[in-house]
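Q: Please take a close look at a single part of this protein. Tell me how it is put together and what packs around it.

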Amino acid sequence: MSESAYRNFRPDELEFQYNPRVSVPEFPQLAEVRSAKSRRVRDSLKSWLNIAYGTSPRETLDIYAGEKAGGPALVYIHGGYWRSGSKEDNANFVPAFTQRGATVALVEYDLCPEVTVTDIVRQTRASIAWVFRNIARYGADSSKLYISGHSAGGHLTAMALANDWQTEGLPPDFIKGAVAMSGVHDLDMVMHISANEQIRMTPEIARQNNPFRYPPRVDCPVLIAVGSVEPAGWKQMSRDYFEFCKQSGVKAEYLEVPGANHYTMSEHLGDPNSPLAKAIFKLIEI
């Protein structure tokens, strides 16, 4: 880990600012609550689980059926700093969306250090393409496809927006909207914190996957959200990406979710009365 200051934060401040496990010490308990709720969702909702979109054992996704046929499809990419997390432990929010007619696809991907962030960007882009091409078989309308992600998933959402989808034979406008929640948008920062022992970010990988080098190519509205009680450094990443999107001509909205920290964002996502859920309901028109 680098000992130099970064973005005006002293080395001893960087872990608090950019490592949610430090700024939210109760994260194990919050993660267990989320996991328990997710298990109940997996056991109770109509779903198709562990569908392969690629060749790796972790290149799979879970699809939860919307309660109304022909509704929108929402792709969700979980977080975990590219080094942890699973779709199985991040389904807790799904009922708030399926009850309103949205079909939800939760994406899995390989984890660092077995793969690089570059590999994960490629995998999650492939999962989104798979959903577009196949989701009609599961009752959703492929012309109403939206993408979303939290933490590392927020970064992966940004990189999906930056992709040239026409080179893959897909319409340039097939993504109708996107939500990046508490995204890890500053990849250079990762090289200054202890999590990089597993992530193994390098200057070259950071350059290849820096969302500030690759503006969105998809012309769709983007919601950028972050918890109001997340550290200043973490919130600044979302604010900077919001400003970058606006400067790139993207119709962007910024939301600080009242009272949310990094690990309670998913609770707000699953609460139909929360400002976060309401903003997404409006975006995807449910």
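**The sheet and its packing**

A: Start with one pair: Ile 224 has Tyr 254, in strand 8, as its bridge partner. Strand 7 (residues 222–227) and strand 8 run parallel and are joined by six bridges. Two strands count as paired when DSSP finds at least two bridges between them. Strands (E, at least two residues) and helices (H or I, at least four) are DSSP runs numbered from the N terminus. The model is predicted: local features need pLDDT of at least 70, side-chain atom pairs count only at pLDDT 80 or more, and totals for chains, interfaces and linings use all residues. Residues are numbered from 1 along each chain as its sequence is written, and side-chain values use heavy atoms, without hydrogens or water.

Now the wider sheet. It is open and mixed, with eight strands in the order 1-2-4-3-5-6-7-8. Strand 1 (47–52) and strand 8 (252–257) are the edges; each has a single partner strand, so one side of each lacks a neighbour in the sheet. From one strand to the next, the twist averages 20 degrees.

Helix 12 (residues 275–284) lies across strands 3, 5, 6, 7 and 8. Contact means heavy atoms within 4.5 Å. The helix runs at about 165 degrees to strand 6 (175–181). Axes are lines fitted to C-alpha atoms, for helices over the stretch in contact; angles run from 0 to 180 degrees between N-to-C directions.

Ile 128 is worth a look too. Beyond neighbours within four places in sequence, its contacts include Val 75, Ile 77, Leu 145, Ile 147 and Ile 175.
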